Amino acid sequence: MRRAFVFQKPGLVRGSVQRNTALALAPLRLSRREAAERVHAALQEVGLRHRAEDAARKLSGGEQQRLALARALVMRPELLLLDEPTASLDPVTTEAVEGIVAGTAAAGTKVLLVSHNLGQVARLASDVLVL
């Protein structure tokens, strides 16, 4: 099963947004063309296509989190694991991230979301486990 994980605080490497996204594909040994197509699609999906050549570490916190989502989604995971993906984000960015997560789930990816935000859980979850 293909899995991808997005941490609460994204870990980015030096380099462009595009390079950070493409790094996730290295183990798959895709052709350059297919890798480029996947990166383009993932960045488009999270609204960062226009920032592809920008330095990843210069993005805002919300943009960095969307980049982390792109890096996970470029793998086309069957299971997406999210740890507090909207912690410390403003309401507009939180809504954008939630939209990406909801769209990913609607497309058939299983999503496991850890959150302290019960409103977010109510908006996104079909099944809830409270610990």
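Biologist: How many bridges join β2 to strand β3, and do they run parallel or antiparallel?

Modeller: This is a predicted model, to say that up front. In it, β2 and β3, the latter covering residues 110-114, are joined by 5 bridges and run parallel. One facing pair there is Leu79 and Lys110, with Lys110 in β3. Between the two strands the chain passes through α4, and that β-α-β crossover is right-handed.

Biologist: OK, and what does the sheet look like, in what order do the strands come?

Modeller: The sheet is open, has 3 strands and goes β1-β2-β3, with parallel pairing. The edge strands are β1 (3-6) and β3; each has a single partner strand, so one side of each has no neighbour in the sheet. From one strand to the next, the twist averages 15 degrees.

Biologist: How many bridges pair β1 and β2?

Modeller: There are 4 bridges, again in the parallel sense. In that pairing, Val6 sits opposite Leu82 in β2.

Biologist: Which helix lies across β1 and β2?

Modeller: That's α3, residues 61-73, and the angle it makes with β1 is about 170 degrees.

Biologist: Switching to loops. Where is Leu89?

Modeller: Leu89 is in the loop between β2 and α4.

Biologist: Buried or exposed?

Modeller: Leu89 has a relative accessible area of 17%, and the cut-off for buried is under 20%, so Leu89 counts as buried.

Biologist: What does Leu89 touch, leaving out residues up to four places away in sequence?

Modeller: With those set aside, Leu89 touches Gly61, Gly62, Gln65, Thr94 and Val97. For Gly62, the C-alpha separation from Leu89 is 6.0 Å, though they are 27 residues apart along the chain.

Biologist: Thr86 caught my eye too. Where does it lie?

Modeller: Thr86 is in the loop between β2 (79-83) and α4 (91-106). Its relative accessibility is 10%, so Thr86 counts as buried.

Biologist: And which residues does Thr86 touch, again not counting those up to four places away in sequence?

Modeller: Thr94, Val97 and Gln120. Thr94 and Val97 are also among the residues that Leu89 touches.

Biologist: What's the phi of Ser88?

Modeller: Near 65 degrees, so positive, in a residue other than glycine. As background, most residues other than glycine have a negative phi. Ser88 also lies in the loop between β2 and α4.

Biologist: Is Ser88 buried or exposed?

Modeller: Exposed, because its relative accessibility is 81%.

Biologist: What about the phi of Arg29?

Modeller: Arg29 isn't a glycine, yet it has a positive phi of about 50 degrees. You'll find Arg29 in the loop between α1 (17-22) and α2 (32-45). With a relative accessible area of 76%, Arg29 is exposed.

Biologist: Last topic, pockets. How much space lies in the largest pocket?

Modeller: About 790 Å³.

Biologist: How many residues line the largest pocket, and which lie nearest its centre?

Modeller: The lining has 22 residues, and the ones nearest the centre are Leu112, Leu113, Ala125, Asp127 and Val128. The elements giving two or more residues to that lining are α4, β3 and α5 (118-124).

Biologist: Which element gives the most to that lining?

Modeller: β3, with 5 residues. That is the strand we began with, the one joined to β2 by 5 bridges, and it stands at an edge of the sheet.

Notes
Residues numbered from 1 in each chain as written. Predicted model: local features only at pLDDT ≥ 70, side-chain atom pairs only at ≥ 80, totals over all residues. Heavy atoms only, no water. Buried < 20%, exposed > 50% of the residue type's maximum accessible area, 1.4 Å probe, protein only. Contact = heavy atoms within 4.5 Å. Pairing = 2+ DSSP bridges. Right-handed = clockwise from strand over helix to strand, strands pointing away. Axes fitted to C-alpha atoms, helices over the stretch in contact; angles between N-to-C directions. 1 Å grid on protein atoms, 1.4 Å probe; cavity = no way out; pocket = protein on both sides within 12 Å on 5 of 7 lines; lining within 4 Å. Points joined across faces, edges and corners; volume = space filled by probe spheres on them.
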